[in-house]
Amino acid sequence: GAFQDATNSMCPAPRPGRAVDSRIWPFDAAAFLEALKRVDEQAKALNVAVERINVGILDSGFPAVPAAPFIDDRLSRAAGHSTYNRYGVTGNGDPTPPFALPGDPDSDHGTMVATLALGGPRFLELDTTMVSRIRLRLARINDPGNGTLQDGYVINGIDDAIANGAKILNASFEFDVELASLMQKLAARPDIIMVAAAGNDGRKPRDTPRYPANYGGFSGKGVRDRFLIVGSSTIDGDLAPFSAHGFDYIDVLAPGCDIPTYLLDLTEHKDLGTSLIVTFLVATVSQLGLNGSGELRERALIGADPKWSLYQEAFAAGVINPLKMIEIFHDYVELMDGTHLSGRVSWNWDEFPKCQDNAYSPTARDKVMKLGRLEGSSDWVIMWRTRSKDLQRCRPEFDTAQTITIDGRPDPIPLTSVKDIVMASLDPEEIQESHEHE
């Protein structure tokens, strides 16, 4: 096995005229924290508990405590407890501090990943809300003697993380053989999801299998809802040239160029790669307070900004939008003029859409979760949750003169004026009804 590597020369420069504000890249931390606060208030009003999430980080090693006073202060000050647990396992399963190995070329990797799982420098500068809601369980999964990565160490790290309550596993490694033990463990735990890097070699997983990346997407083997496989996008929102791609195994893209993070010596650093964007996605999904791997995966997929050029590159057909992902209690509507609306959407279908590129089409028995225009095309993408809780997608054919209705707005909204619709995962009315019957 190996950690996934990339070099900064692989990231293209932004297109002319594209200004990138480093304070809000790769996404606007302040806006996300405002949205998180709003969702927390909604959860409180509905009497829904939003608990701290345990995240297992399986990587190359992390700073020793005496060498990391700055990181200790930033990561523990919010809740008065350490959220950065420096314990892990070696190959024989014995607990040991997972400090980085002297001279290990991968030693910076674990530090960058762990700090990004807590939001990275921008979040740590602005607010500690995210930090107080995440507890990391770290495991160094490379050999303490020679630094090599072995599948047995990975399994020990997973066992340690799960035993300590982890619901999200962060994976930035790849093997060229299947990980049968990993599949068996996650098949038995529908409450756990592994968020894994797609890979930095530009391959199509169907042509050159790598694991766990080949467990995701549309064709992932076995329990694909236990995996969220993340590819990389550029600053302009295109597929990064180094990223593995293909909707059959890659779930969604996220910004993977010029990501601000920390090195082992805790100096701020910008790097790239699918490993890093995986941890930003972990930081986002860990805030949602959802139960079950399928729900977390669904939020990541429907909460992407769809684009025609990415339709064949990732199942979500786009780049993750954290502000859409986090709206779990209210449906989110983006209009063509840039207006954002939220509430309860009713679909006024005269006839359900018919798929152009899927043998199945959504019916009244399914739950439509997303309908969005594919940027750069006149086509749309629709995603729906089947009765078996599986998420399907296609390019639909339908009459765009049809309308939707949003609670609190007197007039129907024609689909001709809609850019994207992302449905809520938790229905406030159903939550209230369940409380009444308790």
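The following numbered points review the fold, the strand pairing and the salt bridges of this predicted model.

1. **Overall composition.** The protein has 438 residues, of which 58% count as buried. Its secondary structure comprises eleven helices and 26 strands. Among contacts with a separation of 6 or more, 72% are between residues 24 or more positions apart. The exposed area is about 17,400 Å², and carbon and sulfur atoms supply 48% of that area.

2. **Helix 1.** Helix 1 covers residues 29-45. Its 17 residues, at 1.5 Å a residue, should span 24 Å, and the end C-alpha atoms are indeed 24 Å apart, so expectation and model agree. The buried residues of the helix are Ala29, Phe32, Leu33, Ala35, Leu36, Val39, Gln42 and Ala43. As background to that list, an α-helix has 3.6 residues a turn, so residues three or four places apart point the same way. After the helix comes Asn47, which has a positive phi, near 60°.

3. **Strand 7 and its neighbours.** Strand 7 (residues 168-171) is covered on both faces. Ile168 and Asn170 are buried on one side, and Leu169 and Ala171 are buried on the other. Strand 2 (residues 53-59) runs parallel to strand 7 and is joined to it by four bridges; within this pairing, Ile57 has Asn170 as its bridge partner. Strand 9 (residues 193-197) is likewise parallel to strand 7, again through four bridges, and here Ile168 stands opposite Ile193.

4. **The six-stranded sheet.** An open, antiparallel sheet is built from six strands in the order 17-16-26-20-21-22. Strand 17 (340-343) and strand 22 (391-394) are at its edges; each has a single partner strand, so one side of each is left without a neighbour in the sheet. From one strand to the next, the twist averages 20°. Within this sheet, strands 16 and 26 run antiparallel and are joined by four bridges. Leu335 stands opposite Val418 of strand 26.

5. **The three-stranded sheet.** A further open sheet contains three strands in the order 18-24-25, also with antiparallel pairing. Strand 18 (345-348) and strand 25 (413-414) are the edge strands, each pairing on one side only. The antiparallel pairing of strand 18 with strand 24 (residues 403-406) extends over four bridges. In this pairing, Asn348 has Thr403 of strand 24 as its bridge partner.

6. **Salt bridges in general.** How many salt bridges does a search of the whole structure find? The total is 19. In general terms, side chains of opposite charge can pair when their charged atoms come close. Three of these pairs are described in the points below, together with the burial of their residues.

7. **Asp225 and Arg226.** The side chains of Asp225 and Arg226 form a salt bridge with an N to O distance of 2.8 Å. Asp225 is partly exposed, at 29% relative accessibility. Arg226, by contrast, has a relative accessible area of 9% and is therefore buried, the cut-off being under 20%.

8. **Lys307 and Asp238.** In the salt bridge between Lys307 and Asp238, the closest N and O atoms are 2.9 Å apart. This pair links distant parts of the chain, 69 residues apart. Lys307 belongs to the loop between strand 14 (304-306) and strand 15 (318-320), while Asp238 belongs to the loop between strand 10 (227-233) and strand 11 (252-255). Lys307 counts as buried at 12% relative accessibility, whereas Asp238 counts as partly exposed at 23%.

9. **Glu334 and Lys419.** A salt bridge also joins Glu334 to Lys419, with 3.8 Å between the closest N and O atoms. Because Glu334 lies in strand 16 (residues 331-335) and Lys419 in strand 26 (residues 418-422), the pair ties together parts that are 85 residues apart in sequence. The strands that carry these two residues are those joined by four antiparallel bridges. Glu334 is buried, at 12% relative accessibility, and Lys419 is partly exposed, with a relative accessible area of 35%.

10. **A salt-bridge network.** Which residues are linked with Glu334 and Lys419 in a network of salt bridges? The other members are Asp305, Lys324, Lys370 and Asp420.

Note on methods
Residues are numbered from 1 along each chain as its sequence is written. This is a predicted model: local features need pLDDT of at least 70, side-chain atom pairs count only at pLDDT 80 or more; totals for chains, interfaces and linings use all residues. Side-chain values use heavy atoms; hydrogens and water are left out. Two strands pair if DSSP finds at least two bridges between them. A salt bridge is a side-chain nitrogen of Lys or Arg within 4 Å of a carboxyl oxygen of Asp or Glu. Buried means under 20% relative accessible area, exposed over 50%, partly exposed in between (1.4 Å probe, protein chains only). Contact means heavy atoms within 4.5 Å. Accessible areas come from the Shrake-Rupley method with a 1.4 Å probe; for residues, only the protein chains shown count as cover. The expected span of a helix is 1.5 Å times one less than its number of residues. Axes are lines fitted to C-alpha atoms, for helices over the stretch in contact, and angles run from 0 to 180 degrees between N-to-C directions.
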